[in-house]
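Biologist: I should be grateful for a close look at one part of this model. Please take the cysteines as the starting point and continue from there to the packing of the helices.

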Amino acid sequence: LVLNELTTIGYNLKYKGTNYLADTISYILFSQTRIVDSLQTKVYPLVAKKYGKSVNNIKSSMTKCTETMYCDCAGL
């Protein structure tokens, strides 16, 4: 469901960061506590563990896919 919404707004599924972002959003939406102010310490480590990556890798991949989506939508 989250991946469908991300592709609707212009994210490309070929980037790993799109999946990381979808997992981050899903975790926030479906967790009991709705943690949004502790992404770096509570949410990103869960996504990183799922994919066997570092937190920095997860963050940079999400940033890169967001920048790419923006450039694609803006026609840059």
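Is C71 buried, partly exposed or exposed?

Modeller: In this predicted model, C71 is partly exposed, with a relative accessible area of 30%. Its sulfur lies 9.6 Å from the closest cysteine sulfur, that of C73. A disulfide requires two cysteine sulfur atoms within 2.5 Å, so this pair is too far apart for a bond. C73 is likewise in no disulfide, its nearest cysteine sulfur being that of C71, and the count comes to 0 disulfides. With a relative accessible area of 52%, C73 is exposed.

Both cysteines fall within the span of α4, residues 55-74, and this helix also contributes to the largest nonpolar core. That core has 13 residues, and L6, Y11, Y20, L21, I58 and M62 have the most contacts inside it. At least two of its residues come from each of α1, α2, α3 and α4, with the largest share, 4 residues, supplied by α4.

The packing of α4 against α2 can be described further. Their axes are 8 Å apart, at an angle of about 110°, which means that α2 is roughly perpendicular to α4. On the α2 side the contact is made by G17, T18, Y20, L21 and T24, and on the α4 side by N57, I58, S61, M62, C65 and T66. By class, 5 of these residues are nonpolar and 6 polar, with no charged residues. Beyond its neighbours within four places in sequence, Y20 touches N57, I58, S61 and M62, as well as V47, Y51 and K53.

Note on methods: Residues are numbered from 1 along each chain as its sequence is written. This is a predicted model: local features need pLDDT of at least 70, side-chain atom pairs count only at pLDDT 80 or more; totals for chains, interfaces and linings use all residues. Side-chain values use heavy atoms; hydrogens and water are left out. Buried means under 20% relative accessible area, exposed over 50%, partly exposed in between (1.4 Å probe, protein chains only). A nonpolar core is a set of buried Ala, Val, Leu, Ile, Met, Phe, Trp, Tyr and Cys residues joined through side-chain atoms within 4.5 Å. Contact means heavy atoms within 4.5 Å. Axes are lines fitted to C-alpha atoms, for helices over the stretch in contact, and angles run from 0 to 180 degrees between N-to-C directions. Angles under 35 degrees count as roughly parallel, over 145 as roughly antiparallel, 65 to 115 as roughly perpendicular and the rest as oblique. Ala, Val, Leu, Ile, Met, Phe, Trp, Tyr, Cys and Pro count as nonpolar, Asp, Glu, Lys and Arg as charged, and the others, Gly among them, as polar.
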